[in-house]
Amino acid sequence: MTYIPNSIEARDVASLVHMQTNLRTHQRQGPDVIVRGEGCRVFDDSGREYIDATAGLWCASLGFGSERLAKVAYEQMRNLGYYHLYRHRSNEPAIALAETLLELAPVPMARVVFQCSGSEANDTAIKLAWYYWNAVGKPQRSKIIARRMAYHGSTCAAVSLSGKPDMHAGFGLPFAPFKHTEFPHYYRRHEPGETQEEFSARMAEALETLIQAEGADTIAAFFAEPVMGAGGAILPPRGYFERIQAVLRKYDILFVADEVICGFARTGEMWGCQTFGIRPDMVTSAKALSAAMQPISAVLVSERIHAAMLAQSDKFGNFAHGYTYAGHPVAAAVALEVQKIYAEIDIVGRAKRLGAVLQSALGRLKAHPLVGDVQGVGLILGMELMRDGEGRIPFDAALNVGARVEAAAKRHGLLIRVVGDRLVFAPPLVIEAAEIEDVGQRLERALDDVAQDLGCEGALR
Ligand SMILES: Cc1ncc(COP(=O)(O)O)c(C=O)c1O
């Protein structure tokens, strides 16, 4: 494709590297330039309107523009546009936000460590797990277990933790200490007749087998998202976290809950940990923490971890870790205001109420010939496309059915996330019931278009 000289498309292609994008295709295809946002809707540079049903990257919890948050950022920049947390320095917004997070924490937590992204939060939590075991005299506990298909970020350690082979390929990753166990995709992976509870028991056995094979006294921590987001909005089956936690307790392995997507009401409770009965040693959080209006993330550490951190300061004279922008006053002030908004609009009650609408509006599409399964909780939902839903027979991967539905949805003004043939929905938490119905209708039209094409190609049952 030749671009009009100096057009925004030409400038983009000539200057930017896009993440999670086929860079070669991008040279030909060019960008979709989003110029404006309003509530759950975004508008491109040709004026086309879309409902973004994954809140950008599962993060724009309050939608895509806010006068109120803009004012907070403006005032904070005028008053104190930057200060750090190094060498005993502090700033008020960071202190107030840390206090708020400790009040909200899903289990009692002792302190908050700030960073700027979900990846950095998980990186920090990995370092803190190592720091903890060093502090208590067990430095050999250096391996970290996560799950296949998990996504925990893109920094070298966080992507090693992630269980997505496509994100390791070509980078020489994952690093050796990172091990991966089964992921609990009940619909796709259960044996005929196997109940959710039995499947969960099998997942816990697989974890225990891995722990024993590696040697329990070499394992530092287990990381898990309450609902696996980028893996495809995969819900834990009944009894899963109960059994997994029993195994972790048996071998005294730390549990880090990655709440980067689930935190702040996504699952219908403030934290995914509350929805699924998880009692973590650390929690990592980002995205909806600041409604994605500012880059900020937090690690909440329990008393057990904090006590070890203090002991390490006695030993080394310093907590030798940090980021220039950690606890940035502008990001913290915005995140604090976001937390005020959540309290004012009763974000948890809202997510429960609107979650029920989402589950029913998209759940209805289970009857559609392309849809095999629909599963969700609160305002997150995964929809599996299958050639035969009952028989759990997938489409031939070469048909790219998921990508086709994504493209068709876009033509109907709906932005969705696709993971293989799984469609993922996590709209802004401020979405209205009528907008959810609109999402359902736009999606149905997209599914109908693709079903018709597949029918013509003889690719349906
Ligand atoms: C569960 C989870 N953890 C961590 C991350 C990484 O966050 P960031 O992109 O802010 O580094 C993501 C990003 O999507 C995520 O979904």
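Q: In which sense do strand 14 and strand 15 pair, and over how many bridges?
A: In this predicted model, local features need pLDDT of at least 70 and side-chain atom pairs count only at pLDDT 80 or more, while totals for chains, interfaces and linings use all residues. Residues are numbered from 1 along each chain as its sequence is written. Strands (E, at least two residues) are DSSP runs numbered from the N terminus, and two of them pair if DSSP finds at least two bridges between them. Strand 14 (residues 417–419) and strand 15 are joined in the antiparallel sense, over 3 bridges.

Q: Which residue takes a positive phi in the hairpin of strand 14 and strand 15?
A: Within this pair, valine 419 stands opposite arginine 422 in strand 15. The hairpin has 2 residues between the strands, and the one with a positive phi near 60° is glycine 420.

Q: Which residues of strand 15 point the other way from Arg422 and Val424?
A: In a regular strand the side chains alternate between the two faces of the sheet. In strand 15 (residues 422–425), Arg422 and Val424 point one way, and all four residues named here are buried (20 or more other C-beta atoms within 10 Å of their own, with C-beta atoms placed from the backbone). Those pointing the other way are Leu423 and Phe425.

Q: Which residue of strand 15 stands opposite leucine 381?
A: Strand 12 (residues 380–385) runs antiparallel to strand 15, and 4 bridges join them. Opposite leucine 381 stands phenylalanine 425.

Q: Which strands stand at the edges of the open sheet with the order 1-2-3-13?
A: This sheet has 4 strands with mixed pairing. Each edge strand has a single partner strand, so one side of it is left without a neighbour in the sheet; the edges are strand 1 (34–38) and strand 13 (414–415).

Q: Between which domains does the largest nonpolar core lie?
A: A nonpolar core is a set of buried Ala, Val, Leu, Ile, Met, Phe, Trp, Tyr and Cys residues joined through C-beta atoms within 7 Å. The largest has 144 residues, and Ala129, Ile144, Val405 and Leu414 have the most contacts inside it. Two domains, with bounds from an automatic or database domain assignment, both give residues to this core, so it lies between domain 1 (32–65 + 346–456) and domain 2 (68–344).

Q: Which helix gives the largest share of the shell around the ligand?
A: The ligand is surrounded by 16 residues, each with its C-beta atom, placed from the backbone, within 6 Å of it. The closest are Ser117, Gly118, Ser119, Gly153 and Val260. Helices (H or I, at least four residues) are DSSP runs, and the largest share, 3 residues, comes from helix 6 (residues 118–135).

Technical notes: Buried ≥ 20, exposed ≤ 12 C-beta atoms within 10 Å, placed from the backbone.
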